[in-house]
Amino acid sequence: MRRVGLTLLLATGLLAGHVARALAQYAPASLVSYSGSIEANDAYSPAIAAGGEYVAFVGSFNGVHGVYRKDLATGELVLVAGEDSADPALSAPDAGSPSISAEGRYVSFTTSARLNPSEDQNGDPGHCSSVYVRDMDLPATQEGAYILISALNGTTQGIAYAGSATAGCPGGGSASADRVAISASGEEVAFTVLGSSDLSGGVGGPVTTPPDQVAVRNWVTDTTTLVSQTIGSLGGTAKAVPGGAALAPLGDRLQAGDGRQFSGSTAAISADGSTVAWMGVDIAAQAPANSAEDSSAKYDEPLWRKISDGPDAPIRRVTGGDDPQCGCQGPLDTTFDPNATGTGAGPERGVYLAPNGFGGDPLNGGSSLDSVTPQLSENGQVVAFLSSAPRTGQVTRGLEEELATSTANAYVVNMADGLTRTQALTQLTAWGSDDFKAAAGTGAIQSIALSPSGQQVAFTTSRIDFPLTPPALLTPSLSQAGSPQLYVANLSADSLEMVSYGFNGEPANGALATPSFAGSGETLAFASSASNLVFGAYDEGAEGEPGNVFTISQLASPQRPAQSYVTGSPAQPVAPTRWELLLHAASAANGSIEVSATVPGAGDLKATAKADVPVRPAGKDTRVRRTRTSTLAERKVASAGATPGQAGLVHLRLSLSRAQRKLAQSPRGLYATIALTFTARGQATLTGTLQASFHKATTKRARKAQKKR
């Protein structure tokens, strides 16, 4: 039946052009998260525009954290929203979850900052989170640059939440998902209203709409549509799902210890704006259940709705329940309960069975929220998702305990009319064994992305055993499980290949996560803590910590089948082809600053740090000098140098003198500007500037936190 599902996907025309299995050729990875010569302190959650010209991501440069947009052609890096010292009114240090329109003009994100205070009702001290869109054609200070998305229907006034007058906003606010929240035009944005709100009541209405509802905002027409609603209200006045419609933060609806503690959204919108999908809960209130299911159970399962069909468009289950052909159990066993102690126990989570079985996003705090967000093709008809549920009929007695800790697999479903869910489902990965402690065969598929055409699926995993054929693994299997690698499945060619190879021909030496396809499907953006993807890229933290954002692109369509994989890895790393510096600075726990520089050849590298330090007025009379108040003046506080004999990565340590070390023990440390110069015979002198703090952690806990940063 799995083969039938793939055949039908191809037959619909969505995945046309079946070709012989062949290995795609990818150019070496390119580093996105740098500005001029300055590499990001950390960068993650990339979203690449369909046109392939821009990448939006969360990052930190010289201590300024926020959402950035990178122009891949010119190299220009622009702060979309973040810590703005020049204009405190526009400061949004917690800005995150970016998505970007096809041409790169509009970027959506979530923040608790009030960037449009005349409309955003979140006041002090609550600061509930809101969803915004930034128009990148306008300066940040110009009116209209920041558009409030979490607003009420028919107006530009923001949604109000219960508890918003209390510190910390227990009411919840609103949030958008990473990468998939905005349409290609940038006019529609899908988001989740996390808290009890006035979403249904309008301006001045009661704050009685239940939490965890999915909505879509068209900011051009000021229209906000409640997408998640009860079955009985379809075609009439939309009614919110009383028990909550979407997987959402731990709250009244969920019990402590449930494991689903999320602070964002799982709502995705297709590029054409026609379709919305989300990880649904309380499924029976939104979509039909089949006779084998307990209608009172709180399943977690992807839901799908084609909102372009109007207010009576049904909400459909992606994997079962509303099966148009049989009305029977779907291909994934939503009736299975991994914690069952006997007959009669109902399921807990549907297709989302084991929260620990998704592995989480290792480059974004370890949350599995991104992992359970459905991915949509451009027209919304193809859905890619992850599930830790067994196939229907797969479970046998004695396997329940193992499946309770099972890890997620990757699936694609065609939502075309007339297909049973079993016919429509294509399984891309399967467990290599029933031993779920063996990472080689059963490691979690952690992040997933779908190309706009629906022909390609990218995912990350540390699993090395892929028993399904198709898709056939064309690249060599790794000898042992390690850092999560990036794989691409080509559904029209029935092929699977690992694409995360470094410049030295070896697999990435750090975790990869959150892939994102450009419109052609030939370019991928992703986050990684690996240091061997781009020569000189600096791996700041340990594996699993925030790292950098990269892109890879196919060189050309493959012309012949790949019978074996041959790499042309050099004996030594290839030196940069351009005469430039790539720089990075980080505060060390011992109070020094570690500077890393990738130099293009042999030469002399020098670094000088200057900072504002207390200085007493000069004078011969010591008694007078002691009574005078010290002032701040810029002084040289540290320097270091090296003479590399060839191109490569050079590390310098800047340390304060003994007299100045106490300055590094203050709560914020000593903020310094670091000037670097690189000189080489017959070449232009290269310069660069970095900012970092001499900051010595004074407690064990602080040292550990600083080391983690």
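The legends below accompany close-up views of salt bridges and a cavity in a predicted model.

**View 1. A salt bridge joins the side chains of R217 and D222.** In this predicted model, a search of the whole structure finds six salt bridges, and one of them is the contact between R217 and D222, where nitrogen and oxygen lie 3.4 Å apart. R217 has a relative accessible area of 1% and is buried, whereas D222, at 24% relative accessibility, counts as partly exposed. R217 is called buried because its value falls under 20% relative accessible area, while D222 is placed in the class between buried and exposed because its value lies between 20% and 50%.

**View 2. E301 and R317 form a salt bridge between two strands.** The side chains of E301 and R317 meet with a distance of 2.6 Å from N to O. This pair links distant parts of the chain, since E301 belongs to strand β19, which covers residues 300-306, and R317 belongs to strand β20, which covers residues 316-317. Along the sequence the two partners are 16 residues apart, and both E301 and R317 are buried.

**View 3. A salt bridge connects D417 in a loop with R316 in a strand.** Here the side chains of D417 and R316 meet at 3.5 Å, again taken from N to O. D417 sits in the loop between β23 (409-414) and α3 (421-424), whereas R316 is part of strand β20, so that the pair links parts of the chain 101 residues apart. The two partners also fall into different classes of accessibility, because D417 is exposed, with a relative accessible area of 69%, and R316, at 11% relative accessibility, counts as buried.

**View 4. R105, D135 and D137 take part in a network of salt bridges.** In this view the side chains to look for are those of the arginine R105 and the two aspartates D135 and D137, which are linked with one another in the network.

**View 5. Eight residues line the second largest cavity.** The structure holds two cavities of 30 Å³ or more, and the second largest cavity contains about 30 Å³ of space. Its lining is made up of I38, E39, N41, N62, H584, A585, L690 and Q691. The elements that give two or more residues to this lining are β4 (38-39), β33 (582-587) and β39 (686-694). Sorted by class, the lining of the second largest cavity has three nonpolar residues, four polar residues and one charged residue.

Notes: Residues numbered from 1 in each chain as written. Predicted model: local features only at pLDDT ≥ 70, side-chain atom pairs only at ≥ 80, totals over all residues. Heavy atoms only, no water. Salt bridge = Lys/Arg side-chain N within 4 Å of Asp/Glu carboxyl O. Buried < 20%, exposed > 50% of the residue type's maximum accessible area, 1.4 Å probe, protein only. Helix = DSSP H or I, 4+ residues; strand = E, 2+ residues; numbered from the N terminus. 1 Å grid on protein atoms, 1.4 Å probe; cavity = no way out; pocket = protein on both sides within 12 Å on 5 of 7 lines; lining within 4 Å. Points joined across faces, edges and corners; volume = space filled by probe spheres on them. Nonpolar A, V, L, I, M, F, W, Y, C, P; charged D, E, K, R; others polar.
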